[in-house]
Amino acid sequence: MHNIKCVGLLTSGGDAPAMNAAIRAVTRTAIYNGMEVKGIMRGYKGLISGEIVPFRTQNVSNIIQQGGTILKTARSSEFETVEGRKIAYDNMQKEGIDALVVIGGDGSLTGARVFAAEYDIPIVGLPGTIDNDLFGTDTTIGYDTALNTIMQAVDKIRDTASSHERLFFIEVMGRNAGFLALNGAIATGCEAAIIPEIATEVDQLAELIQNGFRKSKNSSIVLVAESEITGGALGLADRVKKEYPEYDVRVTILGHIQRGGSPTASDRILASRMGEAAINALLEGQRNVMIGIDDEELVYVPFSKAIRKDKPINRDLLNTVKILSI
Ligand code: F6P
């Protein structure tokens, strides 16, 4: 039998589309099961400063379609300290919160893991990040929407790239993970994807692009994952420009546009299912796990596994990019 009476809910780290859909699902499932819900504003920061508000079903009305997070978000350095976490715990006690649902990426779940190791609190995480870099889940909340945003932006750049017969390097987010770049490249028919998981030499890249132009293509687009390893779009463009001055090169950095916007149906459904699953997990007595999705099945992934930095990427897809862009 569970004895959770009040669940605290927060979003933390970089926001992601459909975080609101997850907030709605967690809140309503908890209330449906007779629990009280408290919304913690600004992530762990708000847990420390005591920005905690009661959440009822109407607090989450009309938000499933909204980007961003109504709970706001932040990255809290204070929560990284023992003292900060002690204040956070005391505030939870004061508010009568006896379990937490944390929606966020690897930094947020790392924080949850440390907190749960220090204090006897059941915590369930939801993978909320456009990066899709959490281990143990096929996809994360916000990833599909970001991919669609990238697709729309790259399609537009293709128009101008073709008109001017240019080579574009377009940088996408992912913080050291190539999922957005690789699948974005497939979705937009890019000539290459440069991802941190696999080193690409400038020579190989130039060869690919040259082949593209030779085969009467009048534009080339390379999607680059932001990362020190890839050198980012600016770094790569500089190297290619130096070695191949004949190319008319341009760079676009898509930036935070990738994090906003109304979530896709797929993200709304994922967030709704995962939000419901988070409360069900607490009811079952689960703790310190992230909800993941594996081949359409919801699964529990221990925090220690979820935050591993080496979620495998399907390397065969690089070949797909290459073959389909001949
Ligand atoms: O983790 C999500 C993410 O969007 C990364 O892809 C990116 O590197 C980072 O957040 C940017 O963070 P900020 O909004 O703090 O600049």
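**Exercise 1. Identify the salt bridge that Lys 86 forms, and state how its two partners are placed in helix 3.**

Step 1. Lys 86 forms a salt bridge with Asp 90, and the closest N and O atoms are 2.8 Å apart; a salt bridge here is a side-chain nitrogen of Lys or Arg within 4 Å of a carboxyl oxygen of Asp or Glu. The structure is a predicted model, in which local features need pLDDT of at least 70 and side-chain atom pairs count only at pLDDT 80 or more, while totals for chains, interfaces and linings use all residues. Residues are numbered from 1 along each chain as its sequence is written, and side-chain values use heavy atoms, with hydrogens and water left out.

Step 2. Because Lys 86 and Asp 90 are four residues apart in helix 3, they are separated by about one helical turn; helices (H or I, at least four residues) and strands (E, at least two) are DSSP runs, numbered from the N terminus.

Step 3. Lys 86 has a relative accessible area of 40% and is therefore partly exposed, and Asp 90, at 34% relative accessibility, also counts as partly exposed. The classes are buried for under 20% relative accessible area, exposed for over 50%, and partly exposed in between, with a 1.4 Å probe and protein chains only.

**Exercise 2. Find the salt bridge between Asp 120 and Arg 287, and work out which parts of the chain it ties together.**

Step 1. The side chains of Asp 120 and Arg 287 meet in a salt bridge, at 2.9 Å from N to O.

Step 2. Asp 120 lies in the loop between helix 4 (106–118) and strand 5 (123–127), and Arg 287 in the loop between helix 9 (265–283) and strand 10 (289–294), so the pair ties together parts that are 167 residues apart in sequence.

Step 3. With a relative accessible area of 65%, Asp 120 is exposed, whereas Arg 287, at 35% relative accessibility, counts as partly exposed.

**Exercise 3. Describe the surroundings of Lys 38, from its salt bridge to the pairing of strand 2.**

Step 1. Lys 38 forms a salt bridge with Glu 95, the closest N and O atoms being 3.1 Å apart. This pair links distant parts of the chain, since Lys 38 is in strand 2 and Glu 95 is in helix 3 (residues 82–95), 57 residues apart.

Step 2. Lys 38 counts as buried at 11% relative accessibility, while Glu 95 counts as partly exposed at 25%. Four of the five residues of strand 2 (residues 36–40) are buried, so strand 2 is largely enclosed by the rest of the structure.

Step 3. Strand 2 runs parallel to strand 1 (residues 6–11), to which four bridges join it, and Gly 8 stands opposite Lys 38; two strands pair if DSSP finds at least two bridges between them. With strand 3 (residues 52–55), strand 2 pairs in the antiparallel sense over four bridges, and there Gly 39 stands opposite Val 53.

**Exercise 4. Give the strand order of the seven-stranded sheet, and locate its edges and the helix 4 packing.**

Step 1. The seven strands form an open sheet in the order 3-2-1-4-5-10-11, with mixed pairing. Strand 3 and strand 11 (297–302) stand at the edges with a single partner strand each, so one side of each is left without a neighbour in the sheet.

Step 2. Neighbouring strands of this sheet are turned by 30° against each other on average, direction ignored; axes are lines fitted to C-alpha atoms, for helices over the stretch in contact, and angles run from 0 to 180 degrees between N-to-C directions.

Step 3. Strand 10 and strand 11 pair in the antiparallel sense over six bridges, and the bridge partner of Asp 294 in strand 11 is Glu 297. Helix 4 packs on the sheet, touching strand 4 (99–104), strand 5 and strand 10, and its direction makes about 160° with that of strand 4; contact means heavy atoms within 4.5 Å.

**Exercise 5. Characterise the packing of helix 1 against helix 9.**

Step 1. Helix 1 and helix 9 pack at an angle of about 35°, with their axes 7 Å apart.

Step 2. Among the residues of helix 1 that meet helix 9 are Ala 21, Ala 25 and Thr 29, and the residues on the helix 9 side include Ala 271, Gly 275 and Ile 279.
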